[in-house]
Amino acid sequence: MAGAAQAQQPRPVAPRGPLEAAEQNHIRVFKKVSPSVVHITTLAYQRDFFSMNVSEVPRGTGSGFIWDEAGHIVTNFHVIQGANAAKVTLADQSTFEAELVGAFEDRDLAVLRIKAPKDKLLPIPMGASRDLQVGQQVYAIGNPFGLDQTLTTGIVSALNREIESMNRRSIRGAIQTDAAINPGNSGGPLLDSAGRLIGVNTSIYSPSGASAGIGFAIPADEVNRVVPRLIKDGRFIRPALGVTAGSVQLSQALRLPKGVALVGVAEGGPADRAGLKPFQRDRRGRIVAGDVITAVDGQAVADLDDMLTLLEDRRIGERVNLTVWNGGKSRQVGAVLGTATD
């Protein structure tokens, strides 16, 4: 009887001892950075069939993080794509209407802004991605499946991956991680063990859409280059040469080297001022050889996507040295970059 009565009592709790160093760091990073992570709800306008009244209805959710004390919020472009409005919920559950400041679809990045008290705006600590190493500990904080403030851990699985943006432009230098990234994590931060931003979680590779151990993030160096320009200009203005590129089929048919075969040169634009000539046809329909850009400042370009990526690192008004092929011979040409309208 005594044994039966004892079995009905709660068992004593065994002493646990101190947390492991890794556990303590998980907790420290989450407490430090989670106030900088936000939940984004996108809205769409819906008209009632009978009353014809227009109302806002939830469209989707995602994550983001506080960039500065001015209320700028960074997230993925695909999180807000097609939305009529968005709301941002901070870690303390206060919610604010957001306005779109700027977006760059090529890099799947967007900047929103909220009007919140400064004491609620804790900018995320900025890190770098250029010195990352495979095997480093990483953390992802976001709102997967609408679940608020979730922390997942993992490592840098690989570096310099290439993923596709929403408009099918290549995003190069992406970070691959095995930290669980699920729907709703998009736009949230990828952090190093010091709690610094090293990437923006953007996609997962999974047939089901759920985490399968392979996630990708836009590197922090890319984010730190693009976001200030979105805040300043509302869009990412890429320096341009004022050229139109020929198709892959054209290059193959003419047996041209890898590069950007020019089929159009804007009159008065940077390429025109530099003396570049496009492929064209004479009066008899015969093709007149034009120029192929094969390198920019000594860096080889295999196609237009390569060249556009290199030009994004430059500034309007900057001078670049082009390696140009024509008729089996290469030459060096200097050009001053302009805007896409030049």
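The following exercises, each with a worked solution, concern a predicted model of a protein chain.

**Exercise 1. Confidence**

Determine the mean pLDDT of the protein chain, and state which pLDDT applies over residues 48-58.

Solution. Begin with the whole chain: its mean pLDDT is 86, and 87% of its residues reach 70 or more. Then turn to residues 48-58, over which the pLDDT is below 50. Beyond near neighbours in sequence, this stretch has 20 contacts in the model.

**Exercise 2. Histidine 72**

Locate histidine 72, classify it as buried or exposed, and identify its contacts.

Solution. Step one is the location: histidine 72 belongs to strand β3, which covers residues 72-75. Step two is the accessibility. The cut-off for a buried residue is under 20% relative accessible area; histidine 72 has 8% and is therefore buried. Step three concerns the side chain, which makes a polar contact of 2.9 Å with the side chain of aspartate 68. Step four extends to residues over four places away in sequence: histidine 72 is in contact with Phe65, Ile66, Trp67, Val101, Val111, Leu112, Arg113 and Ile231.

**Exercise 3. Two residues with positive phi**

Compare glutamine 93 and aspartate 108 in phi, location and accessibility.

Solution. Consider phi before the surroundings. Glutamine 93 has a positive phi of about 75 degrees, and aspartate 108 has a positive phi of about 55 degrees. Glutamine 93 is not a glycine, nor is aspartate 108. Next, place each residue: glutamine 93 lies in the loop between β4 (85-89) and β5 (95-104), while aspartate 108 lies in the loop between β5 and β6 (109-114). Finally, assess accessibility. Glutamine 93 is partly exposed because its relative accessible area is 46%, whereas aspartate 108, at 4%, is buried.

**Exercise 4. The largest nonpolar core**

Identify the residues that touch the most other members of the largest nonpolar core, and the elements that supply the core.

Solution. The core contains 21 residues, of which Val33, Phe65, Leu191 and Val223 touch the most other members. At least two residues each come from α2 (21-33), β6, β7 (137-142), β11 (197-204) and α4 (220-233). Helix α4 gives the most, with 4 residues. In soluble globular proteins, nonpolar side chains tend to be buried together. To examine one member, take phenylalanine 65: residues it touches over four places away in sequence include His72, Ile73, Val74, Ile124, Leu197 and Val200.

**Exercise 5. Helix α7 and glutamate 222**

Establish how many residues of α7 are buried, which residue caps the helix, and what glutamate 222 touches.

Solution. Helix α7 spans residues 304-312, and 8 of its 9 residues are buried; Asp305, Met307 and Glu312 are among them. At its N-terminal end, aspartate 303 is the cap, with a side-chain oxygen 2.9 Å from the backbone nitrogen of aspartate 306. Glutamate 222 lies in helix α4 and is buried, with a relative accessible area of 15%. Leaving out residues up to four places away in sequence, glutamate 222 touches Arg107 and Glu312.

**Exercise 6. An aromatic pair**

Classify the pair formed by the rings of phenylalanine 104 and phenylalanine 236, and locate its two residues.

Solution. The count is 1 aromatic pair. The ring centres of phenylalanine 104 and phenylalanine 236 are 4.4 Å apart and the planes are at 20 degrees, so the pair is stacked. Phenylalanine 104 is in strand β5, and phenylalanine 236 is in the loop between α4 and β13 (243-245), 132 residues apart. Both phenylalanine 104 and phenylalanine 236 are buried. In addition, the charged end of arginine 229 sits over the ring of phenylalanine 236, 4.1 Å from its centre.

Key:
Residues are numbered from 1 along each chain as its sequence is written. This is a predicted model: local features need pLDDT of at least 70, side-chain atom pairs count only at pLDDT 80 or more; totals for chains, interfaces and linings use all residues. Side-chain values use heavy atoms; hydrogens and water are left out. Buried means under 20% relative accessible area, exposed over 50%, partly exposed in between (1.4 Å probe, protein chains only). A polar contact is a pair of N or O atoms within 3.5 Å; within protein, one must be able to donate a hydrogen and the other to accept it, and residues adjacent in sequence count only if both atoms are side-chain atoms. Contact means heavy atoms within 4.5 Å. pLDDT is the predictor's confidence in each residue, from 0 to 100. A nonpolar core is a set of buried Ala, Val, Leu, Ile, Met, Phe, Trp, Tyr and Cys residues joined through side-chain atoms within 4.5 Å. Rings of Phe, Tyr and Trp (its six-membered ring) pair if their centres lie within 6.5 Å; planes under 30 degrees apart count as stacked, over 60 as edge-to-face and the rest as tilted. A charge sits over a ring if NZ of Lys or CZ of Arg is within 6 Å of the ring centre and within 35 degrees of the ring normal.
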